[in-house]
Amino acid sequence: MVDKMKLTFVVSLSLILLVPQAFAKVNVFACEPEWKSLVETIGGSHVKVYSATTAFQDPHHIEARPSLIAKTRQADLLVCTGAELEIGWLPLLLRQSGNASIQEDEPGYFLASDYVERIEVPKELDRRDGDVHAGGNPHVHWDPNRLITIANALSQRLQLIDPENEFFYQQQFIVFDERWKKNIVRWGKKAAVLRGKKVIVHHKNWSYLINWLDMKELGDIEPKPGLPPTSAHLARLLKQTRADQPDYILLANYQNPKGARWLSKKTQVPLLSLPFTVGGSKQATDLESLYDEVLSALTQAH
Amino acid sequence: MKSVPLASLMLVALSNVAVADSTGKISGNEFNPAISLILDAQYTDIDNSELELPGFQLGGEAGLPDNGFSLGHNELTISANIDDKFYGLTNIAIVYEDGDTVVELEEAYIETLKLGAGFTAKGGRFYSGIGYLNGIHDHAHDFVDRPLVYDAMFGGHLIGTGVQARWVAPIDTFLSFGTEVTTGSEFPGGENEDNNQGLSFFVKTGGDFNVSSSWLLGASYFESEFDVREAGGHAHGGDEDEADNELLNGEVDVVGIDFVYKWAPQGNAKNTNFKLQAEYFVKNEQADVEFTEGTNSAEASYDGEQKGFYIQGVYQFMPAWRVGLRYDHLEANNSITNFVNSGIDEEEFLEESGLGTAGDPNKSSVMLDYSPSHFSRIRLQYSQLDNGLEETNDIFTLQYTVSLGSHGSHTF
């Protein structure tokens, strides 16, 4: 009881002390463009967001470049995917930034995948299985329902970091939630024709989309996650493709198209090279238009 | 936006407690640190395994591999956040040479996580922040062997036991300053009474030219004063007594610049990329020399200026495959005065102490490597080493370097 009172006292005191300070824009370091877009949607004019990667980069393989250290140094909030997607570069940026407020246990550290259940969590971990993520499939932005959960958590985090604009961030989430729920219904109708469609993917980065739309993944062009296709693997895949007759081959447009092109040419199965995230095409300027474009491409190719 | 309200921190702390409780796990191994093991071995075809660089006293780990099969640095790295304030890392190399297994503590340090305002402090034993390649462990280098200038100037790497402070400027161009105070007792420093004579400064700046290319530029300075520095003189043949080669009351300083340029189409390094790097160092040292071989000896005053650089390019031309070229060059300008002969004439002294200069040692290397995954690499390299005496040493190497365990981050 006494502790609670003490806490209340400290809380009120710190609020009194800090509220009068005028907050500049919240400086956000997003690891991927999808999170930059989401932060901008929720944060509006109160945030200034930098994306560490573009839609044409593979977020698994980014170098901890000097420019990224300079950006992490100045960030108030870091918004990344997590689930080990950025394990090759983010820990280094954090340690080199000298920035206390974005370290792992601070409010300035936000990993989107922490807030949703991940699929494809490996039962056992063995490097023979390639570049597997112990935390499961990290590409969570391809499930619109999970995105709502993440947007909610992000809105709360912005409220925590920038309490002066608490109401604004709350409102922005409510707007997002409504709009996105309508979109999910609209997309669901549009994509009904995709149910049961069989796809071959380059890498398992479409799994959430495939699950959401009830499609079926037959195989991967990569023999193991993160490894370039080998001729033996492609030969097996060719046999399987001829037998199972998939409807599409899906490729994120930053990925090496060689294997997918070869398979498509040999089997006449249409190859769809799609933007994987915001900025991956002219139309995909935010998450909504990204979904619109990819769903249109899938339904048109059908 | 500078500080986060204390109240918010407390709220976060409270909610974390709730989450941790909900899993209900009680076990002792959930806090295991990240463990990574590097395995490294090679087959070498070499004319002469003894490294001689006239004009340069060699120390530390400078050397050439044995002919035939040999093990490299098999290293164990253990690291983790110690608590919310500190990060800790240790790197232990296990070296097997001439029938002996030697354990070398390469690094063991703690580093702050929360000083904030761009500051980071480090304490313990660590690879100095000077230069570009100095802080990068050998297994992450692009060639089998270190550049000649690192062997000649630092005996491999400049390693210190002491403290380091770094600061990153709050601007969009990367700009970082660092300083270290260390024992200064390791090569090119030497034993000193206070065990605190090593001092270094470094500044690094870098950024992106565009989405496909980025750069890093650095300048460094190191100095140390020492009472004694041992440099193993080489005794010729088995019948002669072991030579004793000492520098006394000396001082040494090294200045250097380094540059790195990296290119990858659209910043996507996975399929194709190119890396160009170059470093240049100048070392100045003065000391009294005492050279003893059996009952004979010689004394002199030594004032040396030694320079060296390397430039290398590595191109990944398709996924998993890279080729690289490197050129190394050294130049020594030593002055020996007050020579006192007690049974060893000046010519013999100059040759055997390693202080006599003769031509410019240089080395040209070409390598091809294949990395089937992130965790394994097989490399073939050919080097031609010219020690400046117009004796060329042809070196062919086939090497593997693999890593087991946790996925380490790679520095730029």
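Visitor: Which residue in β4(A) is the bridge partner of A:Val79?

Guide: Ground rules first: this is a predicted model, where local features need pLDDT of at least 70, side-chain atom pairs count only at pLDDT 80 or more, and totals for chains, interfaces and linings use all residues. Residues are numbered from 1 along each chain as its sequence is written, while chains are lettered from A and ligands numbered from 1 in the order in which they are written. Strands (E, at least two residues) and helices (H or I, at least four) are DSSP runs numbered from the N terminus. In β4(A), Val79 of chain A has as its bridge partner A:Phe110.

Visitor: Over how many bridges do β3 and β4 of chain A pair?

Guide: Strands pair if DSSP finds at least two bridges between them. For β3 (residues 77-80) and β4(A), the sense is parallel and the count is 3 bridges.

Visitor: Which strands stand at the edges of that sheet?

Guide: It's an open sheet of 4 strands of chain A, paired in parallel in the order β2-β1-β3-β4. An edge strand has a single partner, so one of its sides is left without a neighbour in the sheet. That describes β2 (47-51) and β4 (109-111) of chain A.

Visitor: What radius of gyration does chain A have?

Guide: The radius is taken over C-alpha atoms, and the globule rule is 2.2 Å times the number of residues to the power 0.38. With 302 residues, that rule puts a compact globule near 19 Å, which agrees with chain A's 21 Å.

Visitor: How much of chain A counts as buried?

Guide: Buried means 20 or more other C-beta atoms, placed from the backbone, within 10 Å of a residue's own; 12 or fewer is exposed, and in between is partly exposed. Of the 302 residues in chain A, the buried share is 50%.

Visitor: Which element gives domain 1 of chain A the largest share of its side touching domain 2?

Guide: An automatic or database domain assignment splits chain A into domain 1 (22-185) and domain 2 (192-301). Their contact (C-beta atoms, placed from the backbone, within 7 Å) takes 27 residues from domain 1 and 23 from domain 2. On the domain 1 side, α2 (33-43) and α5 (144-161) of chain A each give two or more residues. The largest share, 5 residues, comes from α2(A).

Visitor: And where chain B touches chain A, which element supplies the largest share on the chain B side?

Guide: That contact takes 50 residues from each of chains A and B. Several elements of chain B supply at least two residues to its side, including β6 (119-127) and β10 (213-230). The largest share, 6 residues, comes from α1(B).

Conventions
Two residues are in contact if their C-beta atoms, placed from the backbone, lie within 7 Å.
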